[in-house]
Amino acid sequence: MPTITKTQTLKIDGSTGEGGGQIIRTALSLSMLTGTPIEIINIRAGRAKPGLMRQHLVCVQASQAISDAIVTGAQLGSTSFNFTPNTIQSGDYTFDIGSAGSTSLVLQTLLPALLFANTGLAAQSTVTVKGGTHNPLAPTTDFLNQAFVPALAKLGMHVNIERQKVGFAPIGGGVIKATITPFLRRANTPSFTLIERGELVNIALVASVLNLEYDICKRELASAQASLIESGIDKTLITTHSHKLQGMGEGNTCYAQVTHQVGEPSAQPYHQEVFTLLGEKRSSAENMGNRLAGLVKRYLLSTNALVDEYLTDQLLLPLALSGGGEFSARMISAHTETQAWLIEQFLPVEIQFDVVDDDKTLVKVIA
């Protein structure tokens, strides 16, 4: 898809819709992909601390590095900046956020561009990002690896993400390394369709601690499992796993990976949704487990949509770039609506949300 070059600067109001850092990241991705110069104003205008924070600034700097862009006005606290991209260059890159800011969000800014850097295995890129791997209000590395990357694979996009060191707020110190293979759309690729749930295959409950008592994991898992079984979910479908993490600082995370069969038997016969929580000092392990089970039950018992809120948001751009598709979503968030609006500013695509019922919407990306 990305062979569009626009010389006229596209002005983007950063306070539109959800009005957060996502507008910055997606606009940078699309600017690089289409060659469109951008000016973003009113950056994070409705936030308690408006303007560019460190992780947003690193997204700008990293995008500048991989596309040889001309950037003006981008510094900590800036409420506007200009970005004029050049050619995207595959290569080996390292970026240090310098805080516990989200490594995942920096990586997701660069991924679309590097997937289309050029074709052939020789153009494979690696991106190493240092900062936080488990952040509030951002996808964890677990989510990327267990939900986002498998979804990309269904589109023929091949990304490998290795978490080399874990990093929780406020210390950070985490390191992730992504290997990105350029995307080449094949003519006989079937349309991306994720609508109907098949059989529930597995619910994997995973708890991990960093320099905290290992018993926390056991209690979280026991609580989550008991809650799921009590709701009528077959015990034999639930597996539990616990880990001691290595790194600086302290932290706790638990997540559930829910796997369904989808469609006809194929090379990608499963769909995974991941629900993640980060430990809180004022919340017991038992409460954490119950909350995690609650997220799973909401997905399994309140809707028959296949794709949950966060993956819905993150699927729109890959689908727009790879030829379109459709899927059923549990809900359409303000994030998702803003993402759809922004994609349509850059690309000749139409994104439709057709409400089926209160807990199911059919999302169509027409490219």
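Two strands count as paired if DSSP finds at least two bridges between them. Strands (E, at least two residues) and helices (H or I, at least four) are DSSP runs, numbered from the N terminus.

A quick word on the model: it's predicted, so local features need pLDDT of at least 70 and side-chain atom pairs count only at pLDDT 80 or more, while totals for chains, interfaces and linings use all residues. Residues are numbered from 1 along each chain as its sequence is written, and side-chain values use heavy atoms, with hydrogens and water left out.

**Exercise 1.** Work out how strands E12 and E13 pair, and how covered E13 is.

Step 1: Find E12 at residues 251–261 and match it with E13; the pairing is antiparallel, over nine bridges.
Step 2: Pick one bridge to check: Cys254 partners Leu277 in E13.
Step 3: Now look at burial (buried is under 20% relative accessible area, exposed over 50%, partly exposed in between, with a 1.4 Å probe and protein chains only). In E13, residues 270–278, seven of the nine residues are buried, so the strand is mostly covered.

**Exercise 2.** Lay out the four-stranded open sheet and place helix H2 on it.

Step 1: Read off the order, E1-E2-E4-E3, with mixed pairing.
Step 2: Spot the edges: E1 (10–13) and E3 (70–72) each pair on one side only.
Step 3: Take E2 (residues 38–41) and E4 (residues 81–84), which run antiparallel and are joined by three bridges. Glu39 has Asn82 in E4 as its bridge partner.
Step 4: Add H2 (residues 54–67), which packs on the sheet and touches E3 and E4 (contact means heavy atoms within 4.5 Å); its direction makes about 20 degrees with that of E4. Angles here run from 0 to 180 degrees between N-to-C directions, and axes are lines fitted to C-alpha atoms, for helices over the stretch in contact.
Step 5: Zoom in on Gln55, which lies in H2. With a relative accessible area of 17%, Gln55 is buried. Its contacts, leaving aside residues up to four places away in sequence, include Arg25, Ile97 and Leu105.

**Exercise 3.** Describe how H1 packs against H8.

Step 1: Set H1 (residues 21–34) beside H8 (residues 334–346): the angle is about 25 degrees and the axes are 10 Å apart.
Step 2: Classify the angle. H1 and H8 are therefore roughly parallel, the cut-off being under 35 degrees (over 145 is roughly antiparallel, 65 to 115 roughly perpendicular, the rest oblique).
Step 3: List who meets whom: among them are Ile23, Ala27 and Leu30 in H1, and Thr338, Leu342 and Phe346 in H8.
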